[in-house]
Amino acid sequence: MPLRSILVVEDDPNIAALVKMHLERAGYSVTRVGDGRAAIKRFDDGDYGLVVLDLMLPLVDGMEVCRHIRNSPVLMLTAKSEEANKVAGLEMGADDYVTKPFSIEELLARVKALARRVDLLTKLKDGKADQKLKFGELTLDLTKRLALRKGEDLRLTQKEFEILRVLALAPGRPFSRRTLCEKSGVESFDGTDRTIDTHVKRLRAKLEVDRNRPVFVQTVWGFGYVFVPE
């Protein structure tokens, strides 16, 4: 089912009203609450395809709310000074973030990208979608576990393919090194999350036209990696 229902959790009434108005104009059904306790209750009582979540909330903070709803797609709203909270939220399972002050156009673009991602994953899960992901000249065959560029097999190892699969199924979502290790089944050989860097380096050597200027698998400095469709 396409993403249509959104829970907006924001304690600033002006920002909340503006976000709600524009999301509704874009065709979404929007419920708005102003504190973390109300967010948890409303989420448990409802059926929402996405939660737009401010991290700085009264009663129950945004981190606790994010922890409670981690199985639902979450778009965080953060201030520029909340870099540590942003990283913690992404580690906790949030899918994306928008930094305040933000433009409505940026917010709607992020929501639409998440909606496409949710729709694709639902179709893949239900077997209703072609098990191939196409990004320009790059094709990922999820059934045969092949990565092709212009039809040519890139000959990825299973670990390399799994890293690429995890990233490509969530284009635009930053993954921390630790999360990417866990989701792709990469085990640390030195007790740190940096093991993933070695695998990504090898992946880029096969995937990118110029591995020193990657197009698809880009670095999020100080955090991890993100897949950017060409």
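A residue counts as exposed when its relative accessible area is over 50%, as buried when that area is under 20%, and as partly exposed in between. Keep those cut-offs handy for the views below, which all come from a predicted model.

**View 1. P101, an exposed proline after a cis peptide bond.** Look for P101 in the loop between β5 and α5. Its relative accessible area is 73%, so P101 is exposed. Now check the link just before it: the peptide bond from K100 to P101 is cis, with omega near -5°. For background, most peptide bonds are trans. Then find T78, which sits 23 residues away from P101 in sequence. In space, the C-alpha atoms of P101 and T78 are 8.8 Å apart.

**View 2. The second largest pocket and its lining.** Roll a probe the size of a water molecule over the atoms, and you see where empty space is left. Here, the second largest pocket holds about 180 Å³ of space. Its lining is made up of D96, Y97, A109, R110, A113, R116, R117, P171, G172, P174 and V220. Two elements, β5 (96–100) and α5 (104–126), each give two or more residues to that lining. Which element gives the most to the lining of this second largest pocket? That would be α5, with five residues. Sort the lining by class and you get six nonpolar residues, one polar and four charged.

**View 3. Helix α6, mostly covered.** This helix runs over residues 158–168, and eight of its eleven residues are buried. Which residues of α6 are buried? They are E160, F161, E162, I163, L164, V166, L167 and A168. As you trace a helix, remember that an α-helix has 3.6 residues a turn, so residues three or four places apart point the same way.

**View 4. L142 and R145, two residues of one loop.** L142 is found in the loop between β7 (138–141) and β8 (146–149), and R145 lies in the loop between β7 and β8 too. Is L142 buried or exposed? With a relative accessible area of 16%, L142 is buried. R145, at 28% relative accessibility, counts as partly exposed. From L142 you can also look across to E162, one of the buried residues of α6. L142 and E162 are 20 residues apart along the chain, and their C-alpha atoms are separated by 9.7 Å. As for its backbone, R145 has a positive phi of about 55°, although it isn't a glycine.

**View 5. K150, an exposed residue with a positive phi.** Move along to the loop between β8 and β9 (152–153), and you'll find K150 there. What is the phi of K150? It is positive, about 55°, although K150 is not a glycine. To put that in context, most residues other than glycine have a negative phi. At 69% relative accessibility, K150 counts as exposed.

**View 6. Zooming out to the chain.** The chain has eight helices and twelve strands. Its radius of gyration is 18 Å, close to the 17 Å that the globule rule gives for 230 residues, so the chain is as compact as a globular protein of that length. Along the principal axes, the C-alpha atoms fill a box of roughly 50 × 40 × 30 Å. Of the 230 residues, 47% are buried. Take the contacts between residues at least 6 apart in sequence: 50% of them join residues at least 24 apart. On the outside, the chain exposes about 12,000 Å², with carbon and sulfur atoms supplying 49% of it.

How values were computed
Residues numbered from 1 in each chain as written. Predicted model: local features only at pLDDT ≥ 70, side-chain atom pairs only at ≥ 80, totals over all residues. Heavy atoms only, no water. 1 Å grid on protein atoms, 1.4 Å probe; cavity = no way out; pocket = protein on both sides within 12 Å on 5 of 7 lines; lining within 4 Å. Points joined across faces, edges and corners; volume = space filled by probe spheres on them. Helix = DSSP H or I, 4+ residues; strand = E, 2+ residues; numbered from the N terminus. Nonpolar A, V, L, I, M, F, W, Y, C, P; charged D, E, K, R; others polar. Rg over C-alpha atoms; globule rule 2.2 N^0.38 Å. Buried < 20%, exposed > 50% of the residue type's maximum accessible area, 1.4 Å probe, protein only. Contact = heavy atoms within 4.5 Å. Areas by Shrake-Rupley, 256 points an atom, 1.4 Å probe, with all protein chains shown as cover.
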